[in-house]
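Got a model open and wondering what the labels on it rest on? Let's go through some of them one at a time.

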Amino acid sequence: MIRLDRVSKSFKDTVAVKSVSFEVNEGENLVLLGTSGCGKTTTLKMINRLIEPDAGEITINGKNIVSENQEILRRGIGYVMQNNGLFPHYTVGENIATVPQLLKWDNKKTQQRTIELLGKLHLPADCLNLFPHELSGGQQQRVGLARALVADPSILLMDEPFGALDNVTRASIRKEFKALEELNRKTIVMVTHDVQEAFELANRICLMNKGEIIQIGTPKELLYHPVNEFVKDFMESERITLEFKITTLKDLWMELPEEQSEDAKPVDGNLTIWEALSYFRSGINKMKFCDEPAKHKSIDVNTLNAAFTRYQTAQLHG
């Protein structure tokens, strides 16, 4: 578990982070969200002591990080940068092996782990001898993630990890990121200014402004129960898309009629409304999903829209 207690940082006369406190639970992905200059990256970098705080305390699993040797601390924390941070004069294999070499792994162990990660991250095995400039942007970012994961750290810090990618590649990698089983057992702190990215990937979101935390909560809590006008306004322009992406078919169960149809396409109840609408656009007319053993409900695009409208109303006024 990561815990920040009244942590502050200033650069000359500019207050970058002001008395920030939060906890990140084991296995959780906490996203630090906000506009440029709000203090989110400074907060992230203080967790592995790339930046030293002026005040406050940061602990990992109950141990104050100030008492840790900086190099040893960082070896136990994976770090992914916005522009991948790969060494341009190193091959892909050499980049990934950076931390294992510091940990004095033998070559066989490093090679086995590297090949394992290439498969998980959908990278071709023959890319090991290539240099970063010979890869696409998406491949470079996957190599950066492989380097951060190779030593299997329990904590992963990610600073705008997909920010330098085009929209199509970015959406594809986010989907892969969510599906990567290895990340499910990591404690992750991620920085982004992209609201949709935060809502897709976070267990909880920490929304910051001018160096302070405005609200911490699940995506649904921030969307449906904002603490003030700043939170509400921050996501208002993308509100409908965000609602589609965080609401699942299971969320709508009580709003759907009891109608059942045997010829409907079976789908997972964890499918989001956004994904369900994509299914309908692809030509599927009716879907069914289970929420209780041996019981299912079927939906078409009209029943889905009607149920979603009722659900929205209940959330906003509940």
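**What backs up the labels**

Q: Which residues of β8 point one way, and which the other?
A: T187, V189 and V191 point one way from β8, while I188, M190 and T192 point the other way, and all are buried. In a regular strand the side chains alternate between the two faces of the sheet. Keep in mind that this is a predicted model.

Q: What makes strand β8 largely enclosed by the rest of the structure?
A: Strand β8 covers residues 187-192, and 6 of its 6 residues are buried, so the rest of the structure largely encloses it.

Q: Why is T192 called buried?
A: The cut-off for buried is under 20% relative accessible area. T192 has 0%, so it counts as buried. T192 sits in strand β8, and, leaving out residues up to four places away in sequence, it touches V31, L32, L33, G34, K40, E160, R170, E197 and A198.

Q: How do you know that β3 and β8 pair?
A: Pairing takes at least two bridges. Strand β3 (residues 29-33) is joined to β8 by 5 bridges, and the two run parallel, so they pass as a pair. L30, for instance, has V189 as its bridge partner in β8.

Q: And what about β7 and β8, how many bridges are there?
A: Strand β7 (residues 155-159) and β8 pair over 5 bridges, in the parallel sense. M158 stands opposite M190 in β8.

Q: What makes β2 and β5 edge strands?
A: The open sheet has 4 strands in the order β2-β1-β4-β5, with antiparallel pairing. β2 (14-24) and β5 (63-64) each have a single partner strand, so one side of each has no neighbour in the sheet.

Q: How do you know that β1 and β4 are partners in that sheet?
A: Strand β1 (residues 2-11) and strand β4 (residues 55-60) are joined by 5 bridges and run antiparallel. The bar is at least two bridges, so they qualify. One of the details: S8 has A55 as its bridge partner in β4. Helix α1 (residues 40-47) packs on the sheet and touches β1, β2 and β4, its direction making about 120° with that of β1.

Q: Why is α11 called roughly perpendicular to α12?
A: The axes of helix α11 (residues 239-246) and helix α12 (residues 273-281) cross at roughly 90° and come within 5 Å. Roughly perpendicular covers 65 to 115 degrees, so α11 earns that description against α12. T241, F244 and K245 of α11 make the contact with I273, W274 and L277 of α12. By class, that is 4 nonpolar, 1 polar and 1 charged residues.

Q: And why is α11 also roughly perpendicular to α13?
A: α11 and helix α13 (residues 301-317) pack at about 105°, with axes 12 Å apart. The window of 65 to 115 degrees takes that angle in, so roughly perpendicular is the term here too. On the α11 side, R239, I240, E243 and F244 meet F308, Q312 and L316 of α13. The classes here are 4 nonpolar, 1 polar and 2 charged residues.

Q: What makes L156, L249 and L304 stand out in the largest nonpolar core?
A: Of the 63 residues in that core, L156, L249 and L304 touch the most other members. Helix α6 (residues 137-149) gives the most to this core, with 5 residues. Another core, of 27 residues, lies apart from it, with F22, L44, I60 and I77 among its members.

Terms used:
Residues are numbered from 1 along each chain as its sequence is written. This is a predicted model: local features need pLDDT of at least 70, side-chain atom pairs count only at pLDDT 80 or more; totals for chains, interfaces and linings use all residues. Side-chain values use heavy atoms; hydrogens and water are left out. A nonpolar core is a set of buried Ala, Val, Leu, Ile, Met, Phe, Trp, Tyr and Cys residues joined through side-chain atoms within 4.5 Å. Buried means under 20% relative accessible area, exposed over 50%, partly exposed in between (1.4 Å probe, protein chains only). Axes are lines fitted to C-alpha atoms, for helices over the stretch in contact, and angles run from 0 to 180 degrees between N-to-C directions. Angles under 35 degrees count as roughly parallel, over 145 as roughly antiparallel, 65 to 115 as roughly perpendicular and the rest as oblique. Contact means heavy atoms within 4.5 Å. Ala, Val, Leu, Ile, Met, Phe, Trp, Tyr, Cys and Pro count as nonpolar, Asp, Glu, Lys and Arg as charged, and the others, Gly among them, as polar.
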